Amino acid sequence: MKTKELFSWKTTSLFLAVVAAITTIGCNDTDDQDYITIDSEAQDGEWVNFIEDLSFESIILTENQEGLNEALQEAAEGDLIFFEDNNVQKKQNLSNSDGSFFSLAGFDGEQIAISNKTGSSISLNAGKDEKASKGRRSCRITKIARSALSADIAHYQIMVRMGNGPYDVVRIHRVVRESRKYRPIRTKGNVFMIHGSSQDFDDIFLRPGVETPDATNSSPFYLASNDIDVWGIDLGWTLVPIETTDFSFFQNWGITKDAGHVLKSMAIARLVRGLTRQGFGKMNLLGFSYGAGLTYNAAIKETKQHRILRDIKGIIPTDFVLVYEQNDSPFAAGSCSLSQMSEAAHANGEYQNANGVGFVTVGQAALENPEGDSPFAPGLSNYQFALAAAGGPQPNGPDWHFLGGEFDGQIPSGLAYTQEERWFKLLVSLAPYMPTYSAAEGFKRVCPENRENTIAELGEIKVPVLYLGAQGGYGNDAVFSTTLLGSTDVSVEIVTKFPDGPRILDYGHADLFMADDAPELVWRPLKDWLVSH
């Protein structure tokens, strides 16, 4: 039986202005409340209409009465509170909240009703007030696009403005199975993914060196095909064009800003999940490489917040070290040097790290002129240098490398686990710039001088943890960081081809998402953990 529509979308223009308005709430439930009903079977995605142009400072989501009471106390002006309420007639005392309050209630499993409990009548000035208040809010959803990856797997992209800077914008991704257009299936688990340095969601997760993602070459596609709700982010710096010359907007852009954007994006993901019948529950956060550092930092930040404001259910740091077991490790000391170098560059006004531009050049040369002389390494061809960049040892750890290689001498002659062309195409697709300040912040945290403070902060993290590692990347070196957590539920999955060495030949850092056997060795254990968490 279809639910009776309590409010028509055709007459919502004035009402929506009030729904999104930030007001101090003072009301009680009545029998004549206004509702918007979202038909989850609608082909044009009515939930899209609701959240597009939604503006806010923060989004607070709660699943029960206790959480609602806490949210009402914690909300600040500009916040939106969403309550998954299955009894809309139950009386609530909302007089002490500074946030806008919405109640969501499921009707017969087909529609979702959204109630704006303002108590006051809609005034003719509401549109003007809404326009003024929008200008004062830092976050706004600006655009939502959907595309089909297969007959039943869709890819959504949500553009969100996070501030007033020219590139204070992130792109949120969702990859999910659908029973019909705009209607996801009831999923069995969820994950929100953060990419690494110079990467974005497409580069390392969805399309790593491939044009058409499928379950054999794309971790989000694989997970979605196994009924996992997959989300991710393109951090704001990934959207900076290569032709940019003025980088003053990068001056104070670091890990703190990126982690804040991740958490606000997770709240948006939780909201959309609720609107598409997945519930408002917290989400698992996976970060790869630099993204793993953000995962730890976001989890640390949440330990200092009231629990109703938290969005993380579990964390999946992937191939990254935050604290070395040996305080005198040369690699920990190397982090200090890298931090100092980044700080010096920043002090000299070099706010951008242009490593991505170099990577693009290397990839283009390998694809277009593989036998030509490399401008980066005299005596090597473009092909050889690109392979050396993949499989050769890097200063991140003992014989640390991006991809496992095959060797006839000192440099790789080929790649062992990932197709060579995929590596070259990945390089071409990388983001050109990152903020210098983020490198200074990130390397400084790993530096031994900050060891005790970092250990103390890690001890406050008590959510479930899965560590994924590659033995030719950070591998076992990163396990020590997980032993410092306050979590009682910690799992470790490290992929190794040579348990007893040599490490230079083992599974590499990026093999976790690019290798031919990654679906079985990496993504299947990840899927199993997500289903159980």
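About 50 Å³ of space lies in the largest cavity of this structure. Let's work outward from there.

The model is predicted, so to speak of a local feature a pLDDT of at least 70 is needed, side-chain atom pairs count only at pLDDT 80 or more, and totals for chains, interfaces and linings use all residues. Residues are numbered from 1 along each chain as its sequence is written, and side-chain values use heavy atoms, with hydrogens and water left out.

**Exercise 1. Find how many cavities of 30 Å³ or more the whole structure has, and describe the lining of the largest cavity.**

Step 1. Fix the term: on a 1 Å grid over the protein atoms alone, a cavity is a set of points where a 1.4 Å probe fits but cannot get out, and lining residues have an atom within 4 Å of a point. Grid points are joined across faces, edges and corners, and the volume is the space filled by probe spheres set on the points.

Step 2. Run the search over the whole structure: two cavities of 30 Å³ or more turn up.

Step 3. List the lining of the largest cavity. Its residues are Leu322, Val323, Tyr324, Gln326, Asn327, Ala332, Arg445, Val446, Cys447, Pro448, Asn450 and Arg451.

Step 4. Sort them by class, with Ala, Val, Leu, Ile, Met, Phe, Trp, Tyr, Cys and Pro as nonpolar, Asp, Glu, Lys and Arg as charged, and the others, Gly among them, as polar. The lining then has seven nonpolar, three polar and two charged residues.

**Exercise 2. Work out which strands pair with β9, and in what sense.**

Step 1. Set the rules: strands (E, at least two residues) and helices (H or I, at least four) are DSSP runs numbered from the N terminus. Two strands pair if DSSP finds at least two bridges between them.

Step 2. Start with β8 (residues 153-161), which runs antiparallel to β9 and is joined to it by nine bridges. Here Ile153 has Arg177 in β9 as its bridge partner.

Step 3. Move to β12, which is antiparallel to β9 and joined to it by five bridges. His173 stands opposite Gly232 of β12.

Step 4. Finish with β10 (residues 183-184): two bridges pair this strand with β9 in the antiparallel sense. Glu178 stands opposite Pro184 in β10. β9 and β10 form a hairpin with two residues between them, and Tyr182 in the turn has a positive phi of about 70 degrees.

**Exercise 3. Trace the salt bridges of Arg171, Arg174 and Glu343, and say where each residue sits.**

Step 1. Apply the criterion: a salt bridge has a side-chain nitrogen of Lys or Arg within 4 Å of a carboxyl oxygen of Asp or Glu. The structure holds 20 of them.

Step 2. Take Arg171, whose partner is Asp234, with the closest N and O atoms 2.7 Å apart. This pair links distant parts of the chain, from β9 (residues 169-180) to β12 (residues 228-234), 63 residues apart.

Step 3. Check exposure, where buried means under 20% relative accessible area, exposed over 50%, and partly exposed in between (1.4 Å probe, protein chains only). Arg171 is partly exposed at 21%, whereas Asp234 is buried at 1%.

Step 4. Take Arg174, which bridges to Asp229 with the closest N and O atoms 2.9 Å apart. Arg174 lies in β9 and Asp229 in β12, so the pair ties together parts that are 55 residues apart in sequence. Both Arg174 and Asp229 are buried.

Step 5. Take Glu343, whose side chain meets that of Lys444 at 3.9 Å, N to O. Because Glu343 lies in helix α9 (residues 330-347) and Lys444 in helix α13 (residues 436-446), the pair ties together parts that are 101 residues apart in sequence. Glu343 is partly exposed at 35% relative accessible area, and Lys444 is partly exposed at 35%.

**Exercise 4. Describe the surroundings of Glu302 and Ser219.**

Step 1. Define contact as heavy atoms within 4.5 Å, and leave aside neighbours within four places in sequence.

Step 2. Place Glu302 in helix α8 (residues 290-303), where this residue is buried at 4% relative accessibility. Glu302 is in contact with Leu263, Leu309, Arg310, Asp311 and Ile312.

Step 3. Place Ser219 in helix α6 (residues 219-225), buried with a relative accessible area of 1%. Its contacts are Met193, Phe205, Phe513 and Trp523.

Methods
1 Å grid on protein atoms, 1.4 Å probe; cavity = no way out; pocket = protein on both sides within 12 Å on 5 of 7 lines; lining within 4 Å.
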